[in-house]
Amino acid sequence: MSDRKGSVEQRLEQRGVTRRDFMKFCTIVSATMGLAPSFVPKVAEALTSTQRPPVVWLSFAECTGCTEALLRTTYPWIDTLLLDTVSLDYHEALMAPSGEASEKSLHETVTQNSGKFICIVDGSIPTADNGVYGMIGGKTFLGIAKDICPKALAVLCVGTCSAYGGVPAMAPNPTGAKSIQDAIGIKTVNIPGCPPNPINMVGTIVNYLLFGKLPEVDQLGRPLFAYGKLVHDQCQRRSHFEMGEFAPSFQSEEAQKGYCLYELGCKGPETYNNCPTVKFNDGTSWPVQGGHPCIGCSEPDFWDKLSPFYKPI
Amino acid sequence: MGERLVIDPITRIEGHLRIEVEVADGKVKNAWSSATLFRGLEIMLQGRDPRDAWLITQRACGVCTYVHALASVRCVDDAAKITIPDNARLVRNLLHGSQFLHDHLVHFYHLSALDWVDIVSALQADPQQTAKIAGEVSPASRSGVNDFRDVQNRLKKFVESGQLGIFANGYWGSPAYKLPPEVNLLAASHYLEALRQQARTARMMAVFGAKNPHPQTLAVGGVTCATDLTADRLAEFKYMWQETMDFVNNVYLPDVAAVAGFYKDWGSIGGTTNFLAYGEFPENEKEPDSLFLPRGAIFKRNVAGVEPVDIGLIEEHVKHSWYEGDQALPPAKGETKPKYDAFDVDKRYSWMKAPRYKGEPMEVGPLARVLVAYGKGNEAVKKSVDGLLKTVGIPQETLFSTLGRTAARALETKVIGDAMEGWITQLVENVKKGDNKIYQSFDMPETGMGTGLNDVPRGALGHWIEIKDKKIGNYQLVVPSTWNLGPRDAADKLGPVEEALIGTPVSNPKMPVEIIRTVHSFDPCIACGVHVIDPQSNEVYQFRVV
C-alpha cells in the first residue's frame, strides 16, 4: 500500500500536479459527493489507477458547450483526465483522426470493450422523419445511438439536451428532438445544465471509479450529490429574500447592494443544482453572483416551462 | 474524372461536417462542403420575449459561446433604440476580448495543431535540442531540458499503456508532416500546457460573465454584473489577462512562427479571393466609425481598395441546400422551407445556405479582418503582420493561404489582447470616479426592426430581429461558418472552403491530413451555421426521405 502511495505521488509530480493541488481536488470532489473526509485518499487512488476505463463520447444535436465545459475542469486538469484518468477513445471535437479513421477508433473500442466502456452523450436525437436531421458518416444519430448506447456499461447524458431534449426540443420542436432515454428507451444517468458544471461530470465518473457503481440519482436520473438541493436554498442572497429585499431593476441601488433577484425572474426556487456552492470556472462566479437571475437551465423543458425568463415566478 | 474521397465526420471542429473532394494527379480538383445537422433555432424564437433571445441564440454554439449572446442583445438594443452605458460597452468588449483570446488559443493548439504536429514523432526527440530551439524562439518559462524530458516521458508512458485515446488512428508518420522530432516535442508540450492555459483564460470571462461557457450577465440594455465592478474583481480580471497575454506573446506567437517556417509551401495553398469584415469593438457609441477593427470588403485580393459595406447587398442562396426553391433572398426576407430529398453533390448537399455579398462568395474571419484593417492602415495590425512575414521570411501574397489564415488568427489575438488593456483602464477610471451605470432601462416597442452586426472569432456575424406586439415576429442569423463553409450558389460558384480546397495536395487518400489542414484553418463551427427554418409560416414540413 505504501509503495503504491509513493508511486501515486511520483506520478502526480511527473505531471506537474503537486500533491497539495491534487488532494485539494480530491477534497472538493469528496465534499461535492457528500463523502466523509476519510474517502479523500481513496478518491486520489481511484483517479490514478493504472487501467484507464474506456470512454466513448457521442455528440448529437448539440452545440459543443458541454465539451467546452469539460475542458474547464481544473482539479484534475483536462490533460490529466485525458492522459492519466480515462481513455477517451472517441470524441469528435478532440480526437486526432477524421472520417474513416475516426470511425475505426469508435468501432475498435466498442468491439473490444463491449459492456465495459462508459458512453457519454451530449446533444439530443432528432427523431422526426427517421432522424434525417442529424447524420454522421451517412448514419443518422438515431441509428448510431441505437447501435452504440446499449453496448455501454453505462450511459451518462451530459447537458440538458441529451438528458431531457434541451435546445433542439424547444417548442415547436421542428426536428422531433428527444432525450437519449426517450429516443432509444434505455436508462441513463443525467447530468443536466446548459452546460453542466464540469465538477459534476468528473464527480460522477469518480463515483464510478471509486465505488464501481454510479451515484445515487433522483427520479429524473440526476445524481443527488449535485442535484439534491434547490439553488434557492443554497443561494448567498437567500437572506435578502427572507427580509423581502429585492432588486427591482439591473440598474438600482438594490442591485448594487446584491439584493435578491426574485422580482427580476430568478428561477432558483424551482431549480435543483449546486451552482451556488460549487460555482463555475474554479469557483470564480455563478449567474446570481453576476447579478443575473437563474434561468433554471438544468430543469427538464426549462426553455418552455420557465420562460419568459425575466418574468417573476 | 478523379477519385472521389469523402471525409465524414471532420473531427476537431464544432459540429457535424462532411467534406467530399475529387482527387486527380495527387491534387484536389473539386470539393463539396456539407453540414449534416439541422436544429431549427429561428422558429423556436418566434413569439418569445425579445429579452430572452440572447439566452437562446447563445446556445447556437458552445465554442463561440458569448458571440451569439452579444449579437442578439445588440440587435434588440437597436430595435428598442437603446444607447447602452459606457461601462456596459466596456464590459461587453472585455468579455468579447476574453472570448477571442480563449477561442483562438484552443483553435491553434487543440483543434488544428495535430494537422501540423506529429505527436508520435515527438517520442524520438532529443529534449536537449528541443530546449535549445525553445530558447532561441522565445523567452517562455517551463522550457528547460527537464521540462521537455518530463513531457516526453509522460507521452512515452501514455503510448506504452496501449490506450491511445484521442490520439489513436491519427495520421502519424504521414509524409505531409514536416517538423523535426524536436519541434514536434516543443509543440506537443505546448499542446498540453495550452490545455491548462485555456481553462485559466476562460476564468477571465467568468469574472464579469459569471461562467464560461455560456456566460450569463448580459441583458438587453447593458450588463448585470453590478456587484463585480470592484477593485478586487478588476484586479482579478487584469491578472488573468496578463497571464494569458504572456502565453500569447511567449508561446502562441513564437510557435506559429516556428511551425510556419517548416511549412512555407502552405503559403500558396488554400487561398480564396474576396473578404468581408463587419468590424468589432466599438470605442464609443458611433458604429461603424468607432470600431477598433474596421468594417470593409475586399474583392479580388485588392487589399489597397477596401470598400465600404452595404448590408442590403447580402443574399442567401438555396439552390444547393436542402430548402425549397432556388431564389436568392436578403436575410430579412428569408422564405426558405427545409426540404431534404437526397444527398446529391450535383443538386442539394447541405443544411447550410450560401450567403453572398454583391453576388460573390466572401471569406470571413481572422484573415478577412486582418486584411481589411491592413488595407485601412490600422497601425497595430500593419506592424504585427509585417513583423511576422519578416520573421518567417515569406512575402505578403502568402497571406492568401491556409498558412496566412492561421497566422492572421494568431496576430489578431495579440492585437485584440493588447487593446483590452485600454478597455480595462477605462473601466477602472469610470468606477474610480463613481460611475457605476451598467444598464439602461427601456420600454419594449410594440413593433420594430433591429440589426446586430459583430465580428467574432470565426468572422462576420449578423442577427436581425423584427418585433411584433412586443414579441419576436421574425429572427434571422447569418453566421461566419455559413459564409465560409456554405455550399455552391445559384450561379454554381463555390463557397470559400470549397474554393480553398482546390489544388490542395493529397499525398495519401487514406491519410487526408492536407485536406483537413485547410478545412480547419477556417475554424468551422457547424452548429452555428445550421439553424434556419421557415420564418414566415409554422407549417409542418414535408420531408421526402430516401
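These questions and answers walk through a predicted model with chains A and B.

Q: How many helices and strands does the secondary structure of chain A come to?
A: Two kinds of element are counted here, helices and strands. For chain A the totals are 16 helices and nine strands.

Q: What percentage of the residues of chain A count as buried?
A: A residue counts as buried under 20% relative accessible area. Chain A has 313 residues. Of these, the buried part is 65%.

Q: What share of the contacts in chain A with a separation of 6 or more comes from residues 24 or more positions apart?
A: The contacts considered here have a separation of 6 or more. Residues 24 or more positions apart account for a share of 72%.

Q: How much of the accessible surface of chain A belongs to carbon and sulfur atoms?
A: The accessible surface of chain A is about 11,100 Å². The part on carbon and sulfur atoms is 52%.

Q: What area do chain A and chain B bury between them?
A: The size of an interface is often given as the accessible area lost when the parts come together. Here 92 residues of chain A are in contact with 86 residues of chain B. Carbon and sulfur atoms hold 56% of the buried area. The area itself is about 7,600 Å².

Q: Which three residues supply more of the area that chain A buries against chain B than any other three?
A: Their joint share of the area that chain A buries is 9%. No other three residues supply more. They are A:Leu83, A:Tyr133 and A:Tyr310.

Q: Which residue of chain A forms a salt bridge with B:Arg48?
A: The count of salt bridges between chain A and chain B is four. In the one with B:Arg48, the closest N and O atoms are 2.6 Å apart. The partner is A:Asp304.

Q: Which element gives the largest share of the side of chain A that touches chain B?
A: There are 42 residue pairs in polar contact between the two chains, both at pLDDT 80 or more. Several elements of chain A give two or more residues to this side, including helix H1 (2-14), strand E2 (87-91) and helix H6 (99-112). The largest share is eight residues, and it comes from H6(A).

Q: Where is A:Thr73 found, and is A:Thr73 buried or exposed?
A: A:Thr73 is in the loop between helix H4 (65-71) and helix H5 (78-85) of chain A. Its relative accessibility is 6%. Buried means under 20%, so A:Thr73 is buried.

Q: Which residue of chain B is in contact with A:Thr73?
A: A polar atom of the A:Thr73 side chain lies 2.8 Å from the backbone oxygen of A:Pro76. Leaving aside neighbours within four places in sequence, A:Thr73 also contacts residues of chain A, among them A:Ile78 and A:Val202. From chain B, the contact is B:Ala199.

Q: Which backbone oxygen does the side chain of A:Thr160 reach?
A: A:Thr160 is in helix H8 (residues 160-164) of chain A. At 3% relative accessibility, A:Thr160 is buried. Its side chain reaches the backbone nitrogen of A:Gly193 at 2.9 Å. At 2.6 Å, the side chain of A:Thr160 reaches the backbone oxygen of A:Cys297.

Q: Which residue forms a salt bridge with A:Asp218?
A: A:Asp218 is buried at 14% relative accessibility. The partner is buried too, with a relative accessible area of 2%. The closest N and O atoms are 2.9 Å apart, and the partner is A:Arg222.

Q: How many residues apart in sequence are the parts that B:Arg405 and B:Glu363 tie together?
A: The side chains of B:Arg405 and B:Glu363 meet in a salt bridge at 2.7 Å, N to O. B:Arg405 lies in helix H11 (residues 402-432) of chain B, and B:Glu363 in the loop between strand E11 (354-357) and helix H9 (366-375), so the pair ties together parts that are apart in sequence by 42 residues.

Q: What is the relative accessibility of B:Glu498?
A: B:Glu498 meets B:Arg488 in a salt bridge at 3.3 Å, N to O. B:Arg488 is buried, with a relative accessible area of 8%. B:Glu498 counts as buried as well, at 0%.

How values were computed. Residues are numbered from 1 along each chain as its sequence is written. Chains are lettered from A and ligands numbered from 1 in the order in which they are written. This is a predicted model: local features need pLDDT of at least 70, side-chain atom pairs count only at pLDDT 80 or more; totals for chains, interfaces and linings use all residues. Side-chain values use heavy atoms; hydrogens and water are left out. Helices (H or I, at least four residues) and strands (E, at least two) are DSSP runs, numbered from the N terminus. Buried means under 20% relative accessible area, exposed over 50%, partly exposed in between (1.4 Å probe, protein chains only). A polar contact is a pair of N or O atoms within 3.5 Å; within protein, one must be able to donate a hydrogen and the other to accept it, and residues adjacent in sequence count only if both atoms are side-chain atoms. Contact means heavy atoms within 4.5 Å. Accessible areas come from the Shrake-Rupley method with a 1.4 Å probe; for residues, only the protein chains shown count as cover. Buried area is the accessible area (1.4 Å probe) that two parts lose on being put together, summed over both.
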